[in-house]
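I opened this notebook page to record what I looked up, element by element, before planning anything at the bench. The entries follow the order in which I went through the structure.

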Amino acid sequence: MVAIIIILVIVVVLLIAFIKVVPEANAWVIERFGRYQATWGAGLHFKAPIIDSIAKKVSLKEQVADFEPQPVITKDNVTMYVDSVVFFQIFDARLFVYGVERPIAAIENLSATTLRNIIGSMTLDETLTSRDKINDQITLILDEATDKWGIKVNRVEVKNIEPPKSIVEAMEKEMKAEREKRAAILNAEGEKQAQITLAEGEKEAAILKADAVKEKRIREAQGEAEALTAVQTARAQAIRMINESNPTDQYITLRSLEAAEKMADGQATKIIVPSNIADLAGTVAALKESVSKEDK
């Protein structure tokens, strides 16, 4: 009885030992007598004792392969080092196990060869400014080449492009010269704009000054014209008032004498008075009558 129990325990232990659970996002390649038998996906599986063996446990998750920098030569004979990163995923565990020996090393060598071919058809400037184009081309080529290995290349990123030190120094000098050129152009444009602004200011100031002088002269002329008009108006009104008051001959004579007196204020003025003052009065009266007729 005890022996039977022991045998049963041994059988159960062996059964448990040969029950396998494959984790999610994994695939196990099973061989039977050295030949491919099956690919186990995630879940519970039973491995036949002795005759079945697990050839390879494969992860189906996306993986990243960061390769060492590879020396490449551009179309214009410049040697540089290019560092790339490959993102890939295994979609067929059987092809991955039996398709190629050391698949990661195969991807690295294929990536390096493809990089040399692509960059070899470009100049240095094109290489430095066409990183996206390089990524797309190498991804397409690697994806097609690795299909028979059960590998899907999702994308390839050129992580770093390292030109020779002499090229880097020359590029830095070129960029410095370009920056200095742009700065000089900006300074020249600034000085030009400042001179234009100053000239426009001086022009506007001169125009405003000329307008002020013109306005001043116009106002002075208007003032003088108004003054002359006022004087002439006052004289006309005075003459009219005198005519309307019907002045006597004696008043006219007196005014004539006052006018003569004013005329005599000058040092070099000589006044000749007629001997017959009455004749002068008559003359003035005649003038008065003439003025009265004109007013009428």
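Entry 1, the open sheet. I began with an open sheet of three strands, whose order is 3-2-5 and whose pairing is antiparallel. Its edges are strand 3 (35-40) and strand 5 (52-59), each of which pairs on one side only. From one strand to the next I noted a twist that averages 25°. Strand 2 and strand 3 run antiparallel and are joined by five bridges, and within this pairing I found Trp-28 opposite Trp-40 of strand 3.

Entry 2, confidence. This is a predicted model, and I therefore checked how far to trust it, since where pLDDT is low the predicted coordinates should not be read in detail. The mean pLDDT of the protein is 81, with 82% of its residues at 70 or more. Confidence is highest in strand 2 (residues 26-32), at a mean of 94, and lowest in helix 8 (residues 277-295), at 50.

Entry 3, strand 8 and its partners. Which strands pair with strand 8, I asked, and over how many bridges? Strand 6 (residues 63-66) pairs with strand 8 in the antiparallel sense over four bridges, and there Ala-65 has Val-86 of strand 8 as its bridge partner. Strand 7 also pairs with strand 8 in the antiparallel sense, again over four bridges, with Val-72 opposite Met-80. These two strands, 7 and 8, form a hairpin with five residues between them, and in the turn Asn-77 has a positive phi of about 60°. Strand 9 pairs with strand 8 in the antiparallel sense over ten bridges, where I noted Tyr-81 opposite Glu-162 of strand 9. Strand 8 is largely enclosed by the rest of the structure, because nine of its twelve residues are buried.

Entry 4, helix 3. I next turned to helix 3 (residues 103-120), which has 18 residues and reaches 25 Å from its first C-alpha to its last, close to the 26 Å expected. Its buried residues include Ala-106, Ile-107, Ser-111, Leu-115 and Ile-118. When I looked for what covers the buried residues of this helix, I found, among others, strand 7 (70-73), strand 8 (79-90), helix 2 (93-98), helix 5 (131-146) and strand 9 (151-162).

Entry 5, the nonpolar core. The largest nonpolar core has 31 residues, and those with the most contacts inside it are Val-82, Val-86, Ile-107, Leu-115 and Ile-134. Strand 2, strand 8, helix 2, helix 3, helix 5 and strand 9 each supply at least two residues of this core. I followed Ile-134 further and, leaving aside its neighbours within four places in sequence, found it in contact with Leu-115, Ile-118, Ile-119, Met-122, Thr-127 and Val-158.

Entry 6, two single residues. Is Thr-139 buried or exposed? Thr-139 is found in helix 5, and it counts as buried because its relative accessible area of 14% is under the 20% cut-off. Not counting residues up to four places away in sequence, Thr-139 touches Val-153, Asn-154, Arg-155 and Val-156. Val-100 lies in the loop between helix 2 and helix 3, and at 19% relative accessibility it counts as buried as well. Leaving aside neighbours within four places in sequence, Val-100 is in contact with Leu-95, Ala-106 and Trp-149. I also noted that Val-100 and Gly-150, which are 50 residues apart in sequence, are 9.5 Å apart in space, C-alpha to C-alpha.

Note on methods:
Residues numbered from 1 in each chain as written. Predicted model: local features only at pLDDT ≥ 70, side-chain atom pairs only at ≥ 80, totals over all residues. Heavy atoms only, no water. Expected span 1.5 Å × (residues − 1). Buried < 20%, exposed > 50% of the residue type's maximum accessible area, 1.4 Å probe, protein only. Contact = heavy atoms within 4.5 Å. pLDDT = per-residue confidence, 0-100. Core = buried A, V, L, I, M, F, W, Y, C linked by side-chain atoms within 4.5 Å. Pairing = 2+ DSSP bridges. Axes fitted to C-alpha atoms, helices over the stretch in contact; angles between N-to-C directions.
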